[in-house]
Amino acid sequence: MFKPVALVGQIVLYGAFAAFIGYFATSPKYRQIADDVALIKLSISHLGDRECRKRTPEELAKLPPNMRAPLDCPRERSDIKLEVDLDGQLLFSTVMHPTGLYKDGVSTVYRRFEVPAGKHHLAVRMNDKIVNPGFNFSKADEVELKPAQVLVIDFNPDRGGLFFK
Amino acid sequence: MNFPAAVQQQAKRLFMRLEEACDPFFGGADNPLRHLGAYGLFLLWLVVGSGLYLYIVLDTGIEAVYRSIGELSTPPWQIGGVFRSLHRYAADGLMLVMLLHLLREAAYGRFQGFRHYSWLTGVQLIWLAFIAGIGGYWLVWDQLAQVSAIASTELLDWLPMFSGASARNFLTPDSLSDRFFTVLIFIHIGVPLLLILGLWAHVQRIAHVDYLPSWRGMLATLAALLLLSLVQPALSQPPADLAIVPGAIDFDWLILFIHPLSDRIGSPALVWLLLFAATALLFLLPLLPAPVGVPVAVVDPANCTGCDRCLADCPYAAISMTAHPARPGFHLAVVDADLCAACGLCAGSCPSSTPFRRQEPLCTGIDMPQLSVDALRVQLESELLRLRQATSGSRVVVFSCQHAADAQTLTADDTAVIPLLCIGQLPPAFVEYALRSGADGVLLGACRDGGCEFRLGERWLAERLTGERPPSLRSRVPATRWRTVSAGVHDQSRLISALADFRRRLATLDPPGDRLPPYSRKVVHHV
């Protein structure tokens, strides 16, 4: 039997269902960072150096002729030490460990830093053979960051090591 | 009562009140709150159907994917734009309905005992639904996709299997390749396929599954979403640009809520802990102290004819048939105790459950130890004897489901109340037996339409009474002498009012011209 009240009730409830979906499918708006902030992304994925040892002449003599490699390089990769300075202050420091059961995989780091837009002095130092002191890669530069800009700190040995993009 | 049980009871009361509030508008059979699983499945089919159309026109490529989807919505009221909007809003609706379904089943305590399988298989589907939903947003490759992709991969990178490298795919504009979207679309199709497979497993231990809502429900849902698609079409936001962080963007909180949550929490480890803990909690719910187990249905091989009716009527697929060990060529019902809900619907379906049989005690093919058909007949006969003492008024027998409105308060000199495990437990011959043994009328108290504790009790009863389902009430039984009333636990007044109304109607039948001939059972004692 046709019931006008039931029909109106159904229209209201199905309408409420659609309105709920319609509202929360777009609202409220979401903002990840504030208006006057830029983002520095540090993302490096790099194989640490291997800590090779030079074989002595006696050791080489004991090896079959076809296996007399002058260096004995273990499978494991070195930890990688990394430091980031922003405007002369240490922003981030870490030691990245190689992945894999045999510690022979890449070392990876990924961090986001929200910084005020404007001019900054950015410096990055990296040592991928941690038995050696100091840092064998470094990059420092003045950067002008616009609001909402993303600046990436990456590493690529084919591009000369550390670079900003 | 411990704290979790108290919370559950309150939640159950809330859901029942909501369902009852919707009944006047939808009726029990169409009440969406009582058919959330079916509505969820319907929304999934809408997502799949509209998604197939989108797949045809989607061009995979960093710029092409944005352009091809954007062209669909220009103008948004054309078929492509409507399909796109329908795809998005049906997915949002699915998330909402899925959440309500989860909460309702938890509130009703439907995660333990014979229901634990459906619960455990359902929990996994939540993950699949969200993976599919989040991945779908990436395919548009606008600023919302950019935010979601970066936030998701930053979260995934915390897991050891990703080794912290997946977010590097979204570092700079040139770090993304066209192939990414080809892979993504296969994932976006593959995960819903897994979801459908999981849904198939989810309902394996349920018989007579409501795979879809009623036609009215489907049309109304589709109309509501189509209207929403026209009023507020789903549109792309500005194209993704990995060199910047998008500003304020329109955000789908129903599917992508995890990203703001991650931003707020800050630590991916804590987010994963939260997600895994919530999942583990849902998986562990079946281990909560369960109510004391009730005896399950028992088959009597001597009285089981292998007719399959209990197999057809069991709501939880707990009955199977095997070869009868003593009667060649006959089958025998077998009850799986782990699946049996102890609802008694099988006893109500058994043709041997008729009280007119002379056998005493009355043994039927399949029965409930806690309330056997014989005990029902004994109680009915005892109550009918008592009713004969009534000096005035119509003598009414009330058969009532113990999960429906409490009928015991109706007991009076001229009213006998016989509680049942479920109204579907009542073999319809009991109605005729009561009327031929001295009752003037029989009132059958069921749960609200669509609100049966065991899913199908009131439906089977209605079909048996109207002759649509065996065993049926004989047509010679006058319909004026029996009445069903749908009254949930909060509908005490409705039950009282129905009885009073029924009495008035019976009074108008006097002097009775439609009385059935009296029946006096001759007793045969079997050893």
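# Close-up views

**B:Pro471 sits in the loop that links helix H16 (457-465) to strand S9 (482-486) of chain B.** Helices (H or I, at least four residues) and strands (E, at least two) are DSSP runs, numbered from the N terminus. The bond from B:Pro470 to B:Pro471 is a cis peptide, with omega near -10 degrees. A quick word on what you're looking at: this is a predicted model, where local features need pLDDT of at least 70 and side-chain atom pairs count only at pLDDT 80 or more, while totals for chains, interfaces and linings use all residues. Residues are numbered from 1 along each chain as its sequence is written, and chains are lettered from A and ligands numbered from 1 in the order in which they are written.

**Another cis peptide bond runs from B:Thr74 to B:Pro75, leading towards H4(B).** Omega is near -10 degrees here. B:Pro75 belongs to the loop between helix H3 (62-72) and H4 of chain B. Helix H4 (residues 79-107) then runs for 29 residues and covers 41 Å from its first C-alpha to its last. That is close to the expected 42 Å, where the expected span is 1.5 Å times one less than the number of residues. After H4(B) comes B:Gly109, with a positive phi near 70 degrees.

**Chain A meets chain B through 33 of its own residues and 39 of its partner's.** Residues are in contact if their C-beta atoms, placed from the backbone, lie within 7 Å. On the chain A side, the elements giving two or more residues are helix H1 (4-24), strand S1 (37-46), strand S6 (107-116) and strand S9 (150-156). H1(A) has the largest share, 11 residues. Sorted by class, this side of chain A has 15 nonpolar, 13 polar and five charged residues (nonpolar: Ala, Val, Leu, Ile, Met, Phe, Trp, Tyr, Cys and Pro; charged: Asp, Glu, Lys and Arg; polar: the others, Gly among them).

**S9(A) also pairs with strand S10 (residues 161-164) of chain A.** The two run antiparallel and are joined by four bridges; strands pair if DSSP finds at least two bridges between them. A:Asn156 stands across from A:Gly161 in S10(A). The hairpin has four residues between its strands, and A:Gly160 takes a positive phi near 90 degrees.

**Strand S4 (residues 80-86) of chain A has antiparallel partners in S5(A) and S7(A).** Seven bridges tie it to strand S5 (residues 89-96), and six bridges tie it to strand S7 (residues 118-127). Look for A:Asp85: it stands opposite A:Leu90 in S5(A) and opposite A:Ala123 in S7(A). Two residues lie between S4(A) and S5(A) in their hairpin, where A:Asp87 has a positive phi near 55 degrees.

**A:Lys103 and B:His208 have positive phi values without being glycine.** A:Lys103, with phi near 55 degrees, lies in the loop between S5 and S6 of chain A. A:Lys103 counts as partly exposed because 16 other C-beta atoms lie within 10 Å. For scale, buried means 20 or more other C-beta atoms within 10 Å of a residue's own, exposed means 12 or fewer, and partly exposed is in between, with C-beta atoms placed from the backbone. B:His208, at about 55 degrees, lies in the loop between helix H7 (179-202) and helix H8 (215-231) of chain B. B:His208 is partly exposed too, with 15 other C-beta atoms within 10 Å.

**The largest nonpolar core holds 70 residues.** Such a core is a set of buried Ala, Val, Leu, Ile, Met, Phe, Trp, Tyr and Cys residues joined through C-beta atoms within 7 Å. B:Val397, B:Val398, B:Phe399 and B:Val442 touch the most other members, and helix H15 (residues 429-436) of chain B gives the most residues, six. Leaving out residues up to four places away in sequence, the contacts of B:Val397 include B:Leu380, B:Ile418 and B:Val442. A separate second core of 61 residues includes A:Ala25 alongside B:Tyr39, B:Tyr66 and B:Met98.

**B:Arg377 lies in helix H14 (residues 373-387) of chain B.** B:Arg377 counts as buried because it has 22 C-beta neighbours inside 10 Å. Beyond neighbours within four places in sequence, B:Arg377 is in contact with B:Pro355 and B:Leu362.

**Domain 1 of chain B (1-32) touches domain 2 (35-240 + 250-285).** The bounds, which also give domain 3 (298-525), come from an automatic or database domain assignment. Eight residues of domain 1 and 10 residues of domain 2 take part in the contact. The domain 1 side has four nonpolar, two polar and two charged residues. Taken over C-alpha atoms, the two domain centres are 27 Å apart.

Note on methods
Contact = placed C-beta atoms within 7 Å.
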